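Open the structure in your viewer and keep the selection tool at hand, since each stop on this tour begins with a few residues to pick out.

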Amino acid sequence: MEHRVIYLDNNATTRVAPEVVEAMLPYFGELYGNPSSIHRFGGQVAAHIEAARRQVAELLGAEYRDRDGNATEIIFTSCGTEGDNAAIHAALRALPERRKIVTTAVEHPAVLHYCEELAARDFIVEKVPVDGRGRLDMEKLAAAVDDNTAVVSAMWGNNETGTIFPVKEIAAVAHARGAYFHTDAVQAAGKVPVNAAECGADFLSISGHKLHAPKGVGALYIRRGIPFAPLICGGHQERMRRGGTENVASIIGLGKACELARSGLEAENRQLRALRDGFEAKLLATIPRIRVNGDLENRLPGTSSVSFECIEGESILMLLDVFGICASSGSACTTGSLEPSHVLRAMGIPYSAAHGTVRFSLSRYNTEEELDFVAEKLPPIIARLREISPYWKA
């Protein structure tokens, strides 16, 4: 048991589903044509890309089709970061007279760092705060969005705590002021119901490797009629909205992953919620002075952020790794930092707890047996670290 891998870091990346691998394999071999070619050998690949586009659209609630049945509200990207950047870029280009971006204090670095770059170019960036459960302050959001705001960018579900934002209400606030609304749905897509049209999103970005597709592929929903200036210019690919030869095999894989997620969404949601809640209950019953972070009534089903007071999260991870247990001290993009994550700081989590936070994130491949094993190993690990902690006073 000690020598196998128990992978509980699925918010960082997921295992590629076997069905996805099988769907991709022909595109590394016999179906190697360039989809932009005019001959039939390449044209058949283009048709398969369109089929994948429809699979993504069906998961995300993008209903618009052109005369050939293609899901034109979806373009393929390389990842969630590109989708986030492209959406904000397009909104600013569509409303050039407006100079303000409103976002939240707990967004992924893909949004926050791009906003920092824009601030250096004299755009105004306002970050709306959250409360101690990571819930957005809607009154302050409404006050922040004004007639100078081009775009509001707010994630669907937080990658560290799992807290879900009221995206439909946020979209309404943005639209009331004539601004566009973008949501980073990287962590939500395939885990909870996501419908871009119903929530009022103008842009919505996802990443394949968060829902059992490969790394290096993502998608961006662009609502019909929205002006879109591409972030990456080149050839005529993606109807002139994203230049560059398509990552065919990965696009096919993303389509298949979206099909699997859509068909199993309800059952998987129930499964992950039950596993997570049972796991947290065991930890709370056996380890003193810990806290579960996030909105406990409204969060992603497979995300569990747990703070252990007066010890280092990195030390916990190292000792878990001895047993083959993989978890995270926060988002993968901040692992290795000695400072608590910006998400926990924005929530006002005390430093003594934030510094000892571990994120456990589950997938359809996790089992109750695995989580019982982790719940068995954690109490002695925490006790051992607290014995040598100068800050622990039991």
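Begin by selecting Glu82 and Arg242, which form a salt bridge whose closest N and O atoms are 2.8 Å apart. This pair joins distant parts of the chain, for Glu82 sits in helix 3 (residues 80-94) while Arg242 is in the loop between helix 8 (237-240) and helix 9, 160 residues apart. If you switch on a surface, bear in mind that both Glu82 and Arg242 are buried. The model you are looking at is a predicted one, and side chains of opposite charge can pair when their charged atoms come close.

Next, select Asp202 and Arg223, whose side chains meet in a salt bridge with an N to O distance of 2.5 Å. Asp202 is in the loop between helix 7 (196-199) and strand 7 (203-207), whereas Arg223 is in the loop between strand 8 (218-222) and helix 8, and the two residues are 21 residues apart. Are these partners buried or exposed? Asp202 is buried, because its relative accessible area is 0% and the cut-off for buried is under 20%, while Arg223, with a relative accessible area of 33%, is partly exposed.

Now move to Arg364 and Glu268, another salt bridge, in which the closest N and O atoms are 3.0 Å apart. Arg364 lies in the loop between strand 12 (357-361) and helix 13 (368-387) and Glu268 lies in helix 9, so the pair ties together parts that are 96 residues apart in sequence. Glu268 counts as buried, at 11% relative accessibility.

Keep Glu268 selected and add Gly190, Lys191, Lys210 and His212, for these five are the closest to the centre of the largest cavity among the 14 residues that line it. The space in this cavity comes to about 90 Å³, and its lining divides into five nonpolar, five polar and four charged residues.

For a wider view of charged side chains, select Glu50, Arg53, Asp66, Glu238 and Arg239, which are linked in a network of salt bridges; the structure holds 22 salt bridges.

Finally, turn to the surface and select Val21, Leu25 and Phe28, which form a nonpolar patch with about 310 Å² of accessible area together. Leu25 is in the loop between helix 1 (18-24) and helix 2 (40-60), and Leu25 counts as exposed because its relative accessibility is 51%. From Val21, look across to Gly253, whose C-alpha atom is 6.9 Å from that of Val21, although the two are 232 residues apart along the chain. Gly253 lies in helix 9 (residues 248-286) and, at 0% relative accessibility, counts as buried.

How values were computed:
Residues are numbered from 1 along each chain as its sequence is written. This is a predicted model: local features need pLDDT of at least 70, side-chain atom pairs count only at pLDDT 80 or more; totals for chains, interfaces and linings use all residues. Side-chain values use heavy atoms; hydrogens and water are left out. Patches are made of residues with over 30% relative accessible area and no salt bridge: like charges are joined within 9 Å, nonpolar side chains (Val, Leu, Ile, Met, Phe, Trp, Tyr) within 5 Å. Accessible areas come from the Shrake-Rupley method with a 1.4 Å probe; for residues, only the protein chains shown count as cover. A salt bridge is a side-chain nitrogen of Lys or Arg within 4 Å of a carboxyl oxygen of Asp or Glu. Helices (H or I, at least four residues) and strands (E, at least two) are DSSP runs, numbered from the N terminus. Buried means under 20% relative accessible area, exposed over 50%, partly exposed in between (1.4 Å probe, protein chains only). On a 1 Å grid over the protein atoms alone, a cavity is a set of points where a 1.4 Å probe fits but cannot get out, and a pocket is an open set with protein on both sides within 12 Å along at least five of seven lines; lining residues have an atom within 4 Å of a point. Grid points are joined across faces, edges and corners, and a volume is the space filled by probe spheres set on the points. Ala, Val, Leu, Ile, Met, Phe, Trp, Tyr, Cys and Pro count as nonpolar, Asp, Glu, Lys and Arg as charged, and the others, Gly among them, as polar.
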